[in-house]
Amino acid sequence: MARMSYISSVERYNEYEQIIHSLLESILMSIDDGIANNRDMRYLTKHYPFLELQYCLDEKGSQQGNNVCFKRAYNKKLAQRGNNQDLSERPYFLNVKACNAICFTAPYISIATNHLCISAIKELNKPINNQHYLVVDVSLTQLIEFVMGDTARATMSPYFKAGYGIIVACLFSLVLFLLNIVFIDIYELITHVNSSSDPLEPFSIIIYITLALAVFDLGKTILEEETLMHKDIFRHSSTRRTITRFISTVLIAISIEALLTMFKAALGQSEYLMPAIAMMLAVVGLLIALAIYVYLGAKAETLLTQARVKLKSSE
């Protein structure tokens, strides 16, 4: 459940580019010249948490005044810096000089914040102190979250990851407990190899190993899907991938248990025959259900993608 990756951010930006530009344009238009020159613009951050930096340029593209940081985390790094910096070769300045309208950059990695961002620039109606252009840098990831109504969930993401981390730690502890039983049983089996023992005893060891494998795969899947990897909950493919991996883990565990039960039945314990057959049928049913789910899910996502492309092309 990591925060949105750069690839996902760019994909979402291309999908919602018109909406994003309209939002940023309305924000820039709402900032009159007096406010643009006011260094205390923190009230904007309360309503638009994706704003990062604001600064002004003169007619030649030289920065007039230091950066205005919207976020306290950047104050020590970026505040009181940037004055007289030559930004005349920046794409947004060249674009605004050419078209005299609000301009936006393509997504890029900001040198100031080291985050993926976009910049918006407008010409001030009433220049003050040689400040002719207002530039605002925006965190693209947080902007996408804001547009998609995902800000609250993204804010809670670290707490969710902590909860999943505790669950994974408990699962891995259970794996160690099961492996401890396995090692003890193997040691006893080897030390009493010459004594008469139950021929089915090795199967109980395999059962513990199978359970340890299944629990380990479950913990590994949760750790990767919910903590380490980015999971786009708005895409069906992400949810389908998680469910597929989880069901695959269950299938492996049940298949091994069914095979062991079948071996027991073959060694003379006929009471295990029907449970083994039932587990094999359960495995086949799960495989068929999983195949249908993956096929229909992929088909539905393809149709949804095609509908979005048609809608965007019609606009």
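This is a short walk through a predicted model, one selection at a time.

Before you click, note that residues are numbered from 1 along each chain as its sequence is written. Local features need pLDDT of at least 70 and side-chain atom pairs count only at pLDDT 80 or more, while totals for chains, interfaces and linings use all residues, and side-chain values use heavy atoms, with hydrogens and water left out.

**Stop 1: the core**

Start by selecting Leu24, Phe50, Ile118, Val138 and Leu143. These have the most contacts inside the largest nonpolar core, which has 25 residues. Such a core is a set of buried Ala, Val, Leu, Ile, Met, Phe, Trp, Tyr and Cys residues joined through side-chain atoms within 4.5 Å. Now colour H2, S1, S5, S6 and H7: each supplies at least two residues of this core. Helices (H or I, at least four residues) and strands (E, at least two) are DSSP runs, numbered from the N terminus. Which element gives the most to this core? It's H2, with five residues.

**Stop 2: a small list around a cavity**

Next, select Leu24, Ile27, Leu28, Leu51, Ala120, Val136 and Val138, which line the second largest cavity. On a 1 Å grid over the protein atoms alone, a cavity is a set of points where a 1.4 Å probe fits but cannot get out, and lining residues have an atom within 4 Å of a point. A search of the whole structure turns up two cavities of 30 Å³ or more, and this one has a volume of about 30 Å³. That volume is the space filled by probe spheres set on the points, with grid points joined across faces, edges and corners.

Helix H2 (17-30) and strand S6 (131-139) each supply at least two lining residues, and H2 gives the most, with three. The lining splits into seven nonpolar, no polar and no charged residues. For that count, Ala, Val, Leu, Ile, Met, Phe, Trp, Tyr, Cys and Pro are nonpolar, Asp, Glu, Lys and Arg are charged, and the others, Gly among them, are polar.

**Stop 3: lysine 122**

Stay with leucine 28 and add lysine 122, which sits in strand S5 (residues 116-128). Is lysine 122 buried or exposed? It counts as buried, at 6% relative accessibility; buried means under 20% relative accessible area, exposed over 50%, and partly exposed in between (1.4 Å probe, protein chains only). Show the side chain: one of its polar atoms lies 3.4 Å from the backbone oxygen of leucine 28.

**Stop 4: the rings**

Now go back to Phe50 and add Tyr48 and Phe146; the three form one aromatic cluster. The structure holds five aromatic pairs. Phenylalanine 50 and phenylalanine 146 make an edge-to-face one, 5.1 Å centre to centre with 65° between the planes. Rings of Phe, Tyr and Trp (its six-membered ring) pair if their centres lie within 6.5 Å; planes under 30 degrees apart are stacked, over 60 edge-to-face, and the rest tilted.

Phenylalanine 50 is in the loop between helix H4 (42-47) and strand S1 (51-57) and phenylalanine 146 is in helix H7 (residues 140-147), so the pair ties together parts 96 residues apart in sequence. Phenylalanine 50 is buried at 0% relative accessible area, whereas phenylalanine 146 is partly exposed at 28%.

**Stop 5: helix H8**

From phenylalanine 50, measure to threonine 151: the C-alpha atoms are 9.8 Å apart, with the two positions 101 residues apart in sequence numbering. Threonine 151 belongs to helix H8 and is partly exposed, at 28%.

How values were computed:
1 Å grid on protein atoms, 1.4 Å probe; cavity = no way out; pocket = protein on both sides within 12 Å on 5 of 7 lines; lining within 4 Å. Polar contact = N/O pair within 3.5 Å; in protein donor to acceptor, adjacent residues only side chain to side chain.
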